[in-house]
Amino acid sequence: MTAQLIDGNALSRQLRSNVAERALALKAKGVTPGLAVVLVGDNPASQVYVRNKVKACHDAGLHSVLEQYPADLGEAELLARVEALNNDPAIHGILVQLPLPKHIDAQKVIEAISPAKDVDGFHIASAGALMTGMPGFWPCTPYGCMKMLESIGYDLAGRHAVVIGRSNIVGKPMALMLLAKDATVTVCHSRTKDLKAQTLQADVIVAAVGKRDVLTADMVKPGAVVLDVGMNRNDEGKLCGDVDFDGVKAVASHITPVPGGVGPMTITMLLVNTLEAAERAAGA
Ligand code: NAP
């Protein structure tokens, strides 16, 4: 079997054009959806991420502002900026790019964002909403994974999903989203004793670890769907995921590539969340 690719770029184009249409409809009512991206420090990877987010907003017709501050910005000053953005009616979504410099308590900053503008979905109120099935913003990366499963018409009810990784931004919310769609979910992590025994039982595997070749062909049940969240570099310095793509694609039914898989979907779902925040604020 050669797995079908789930193309994150193609799906993103489709979803972003829907965002652009809805943004136009909202603009006709006098509301332009707006995202504020806050970057503290000069982490090169973060700079690329924020630029991509701002450009994606622009391309979809969303208003965006990028606020950049030096690495020595004080925590109190950052909290004051977040508060100002909470009160700015032109801003519907606030994203503080992580990681923050060590002297700033990232969780405190996230909790300072109004849950109504928490388009990254990291606020404790957003996490609680996801856990209890209440309306709120879902973290963009696992939300993107759910959209990828939806795009292939995959019915999760009664399926066994194995999530590798248990971070607050990917693994745990991913598990909750799969559970909400009636999958039976197993969450694996660095202390899992026999990862292969778990993954071999899975109909769906989400790898969100940050290590190359965490998932190889011998660990995948024939016909399983494999989503690769990982972002790593191979020996040639090229971007690669957590999954041994060439091996696993011969066993899986569907697989996401890296690059061009989950990565673009993360930014797409940020646009979707920002648009939804604006629609909610406008009572649409
Ligand atoms: P993280 O916070 O470092 O979490 C990694 C998880 O992997 C932890 O739960 C860890 O277990 C687990 N783990 C580590 N080694 C393992 C092993 N050998 N077997 C099984 N589990 C293992 O990372 P993250 O923020 O969730 O991100 C994960 C990866 O996704 C990274 O490569 C990141 O760059 C990428 N990512 C991509 C996107 C995107 O848009 N494509 C977005 C976010 C993240 P413990 O909890 O026991 O330590």
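**Exercise 1. The ligand shell**

How do the residues of the shell around the ligand divide into nonpolar, polar and charged? Then describe the polar contacts and the cover of the ligand.

*Solution.* The model is a predicted one.

Step 1. Sort the shell by residue class: seven residues are nonpolar, nine are polar and two are charged.

Step 2. Pick out the residues that come nearest. Among the 18 residues around the ligand, these are Arg166, Ser167, Ser190, Lys211 and Thr266.

Step 3. Look for polar atom pairs, with 3.5 Å as the cut-off between N or O atoms. Arginine 166 places a polar side-chain atom 2.7 Å from an oxygen atom of the ligand. For serine 190, a polar side-chain atom lies 2.5 Å from a ligand oxygen atom. Methionine 231 takes part through its backbone, with a polar backbone atom 3.0 Å from an oxygen atom of the ligand.

Step 4. Turn to the cover. On its own the ligand has 920 Å² of accessible area, and the protein covers 70% of this.

**Exercise 2. Helix H10 and its two ends**

How many residues of H10 are buried? Compare the reach of the helix with the expected value, and describe what precedes and follows H10.

*Solution.* 

Step 1. Helix H10 runs over residues 262–281, which is 20 residues.

Step 2. From first C-alpha to last, H10 reaches 28 Å, close to the 28 Å expected at 1.5 Å a residue.

Step 3. Count the cover: 16 of the 20 residues of H10 are buried, so the helix is mostly covered, a residue being buried when its relative accessible area is under 20%.

Step 4. Before the helix, the loop between strand E11 (254–255) and H10 holds proline 259. The peptide bond that joins valine 258 to proline 259 is cis, with omega at about 0 degrees.

Step 5. After the helix comes glycine 283, which has a positive phi near 70 degrees.

**Exercise 3. Backbone geometry in the loops**

Where does proline 99 lie? Describe its peptide bond, then place aspartate 182 and aspartate 213 and state whether they are buried, partly exposed or exposed.

*Solution.* 

Step 1. Proline 99 is in the loop that runs between strand E4 (93–96) and helix H4 (106–112). The bond from leucine 98 to proline 99 is cis, and its omega is near 0 degrees.

Step 2. Aspartate 182 has a positive phi, near 70 degrees, and is not a glycine. Its position is the loop between helix H7 (171–180) and strand E6 (184–188). The relative accessible area of aspartate 182 is 51%; the cut-off for exposed is over 50%, so this residue is exposed.

Step 3. Aspartate 213 also has a positive phi, about 55 degrees, without being a glycine. The loop that holds aspartate 213 lies between strand E7 (204–207) and strand E8 (225–228). Its relative accessible area of 45% falls between the cut-offs of 20% and 50%, so aspartate 213 is partly exposed.

**Exercise 4. Overall dimensions**

What radius of gyration would a compact globule of 284 residues have, and what does the protein have?

*Solution.* 

Step 1. For 284 residues, the value for a compact globule is near 19 Å.

Step 2. The protein has 19 Å, which agrees with that value.

Step 3. Add the spans of the C-alpha trace along its principal axes: about 50 × 40 × 40 Å.

Step 4. Add the make-up: the protein has 10 helices and 11 strands, and 49% of its 284 residues count as buried.

**Exercise 5. Sequence separation and distance in space**

What are the C-alpha distances for asparagine 18 with alanine 281, isoleucine 6 with alanine 84, and leucine 35 with threonine 216? Give the setting of the residue named first in each pair.

*Solution.* 

Step 1. Asparagine 18 belongs to helix H1 (residues 8–28) and is partly exposed at 34% relative accessible area. Asparagine 18 and alanine 281 are 263 residues apart in sequence, with 19 Å between their C-alpha atoms.

Step 2. Isoleucine 6 sits in the loop between strand E1 (4–5) and H1. With a relative accessible area of 4%, isoleucine 6 is buried. Alanine 84 is 78 residues away from isoleucine 6 along the chain, and their C-alpha atoms are separated by 40 Å.

Step 3. Leucine 35 is part of strand E2 (residues 34–40) and counts as buried at 0% relative accessibility. Between leucine 35 and threonine 216 there are 39 Å, C-alpha to C-alpha, for a separation of 181 residues along the chain.

Definitions and conventions. Residues are numbered from 1 along each chain as its sequence is written. This is a predicted model: local features need pLDDT of at least 70, side-chain atom pairs count only at pLDDT 80 or more; totals for chains, interfaces and linings use all residues. Side-chain values use heavy atoms; hydrogens and water are left out. A residue is near a molecule or strand if one of its heavy atoms lies within 4 Å of it. A polar contact is a pair of N or O atoms within 3.5 Å; within protein, one must be able to donate a hydrogen and the other to accept it, and residues adjacent in sequence count only if both atoms are side-chain atoms. Accessible areas come from the Shrake-Rupley method with a 1.4 Å probe; for residues, only the protein chains shown count as cover. Ala, Val, Leu, Ile, Met, Phe, Trp, Tyr, Cys and Pro count as nonpolar, Asp, Glu, Lys and Arg as charged, and the others, Gly among them, as polar. Helices (H or I, at least four residues) and strands (E, at least two) are DSSP runs, numbered from the N terminus. The expected span of a helix is 1.5 Å times one less than its number of residues. Buried means under 20% relative accessible area, exposed over 50%, partly exposed in between (1.4 Å probe, protein chains only). The radius of gyration is taken over C-alpha atoms; the globule rule is 2.2 Å times the number of residues to the power 0.38.
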